[in-house]
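Let's take a walk through the charged side chains of this protein. Have the structure open and follow along.

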Amino acid sequence: MRDDGRVFEFDADLWLWREDGSWHFLTVPAAVSDEIEDLAGPRGGFGSVKVEVTVGGTSWRTSLFPSKEQRSFVMPVKRSVRVAEACEAGDRLRVRLSVQS
């Protein structure tokens with residue numbers, strides 16, 4: 001759901017990038033990714049887009065990365081967030097995401 005032109009809310013499943021369990025990601029829904037693609041100004045390394053994210057009571061700054069496999073943006077979720085929110089791979093999370101200039 002779009003909040004104002006730069007803020008989005010959506011649900012997404014937390015998943016493991018590889019079986020070693022060190023990297024966890026969320027896939028941004030395709031419709032939201034399309035809108036972010038239109039909003040994003042200059043991109044960082046690997047086509048990244050800077051965002052501020054809130055999951056539950058935890059907020060942090062990170063980047064979205066385009067994924068050809070997912071056909072969408074993906075977002076890493078660091079360990080400190082997963083611990084604070086008591087979530088693990090397979091959990092569905094409510095995400096509030098703000099695209100940064």
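What follows is a short tour of the salt bridges in this model.

A word first on what you are looking at: this is a predicted model. A search of the whole structure turns up five salt bridges, and the tour visits some of them.

Start at Glu9, whose carboxyl group pairs with Arg94 in a salt bridge. Their closest N and O atoms lie 3.5 Å apart, which counts because the cut-off is 4 Å. The pair brings together distant parts of the chain: Glu9 sits in strand β1 (residues 7-16) and Arg94 in strand β6 (residues 92-99), 85 residues apart.

Glu9 has a second partner to look for: its side chain also meets that of Arg96 in a salt bridge, at 2.5 Å from N to O. Here again distant parts of the chain are linked, with Arg96 in strand β6 and Glu9 in strand β1, 87 residues apart.

Now move along to Asp11, which forms a salt bridge with Arg94 at 3.3 Å, N to O. Asp11 belongs to strand β1 and Arg94 to strand β6, so this pair too links distant parts of the chain, 83 residues apart. Put the pieces together and a network appears: salt bridges with shared partners join Glu9, Asp11, Arg94 and Arg96.

Are these side chains buried or exposed? Glu9 is partly exposed, with a relative accessible area of 23%. Arg94 is partly exposed at 39%, Arg96 is partly exposed at 34%, and Asp11 is partly exposed at 35%.

Definitions and conventions
Residues are numbered from 1 along each chain as its sequence is written. This is a predicted model: local features need pLDDT of at least 70, side-chain atom pairs count only at pLDDT 80 or more; totals for chains, interfaces and linings use all residues. Side-chain values use heavy atoms; hydrogens and water are left out. Helices (H or I, at least four residues) and strands (E, at least two) are DSSP runs, numbered from the N terminus. Buried means under 20% relative accessible area, exposed over 50%, partly exposed in between (1.4 Å probe, protein chains only).
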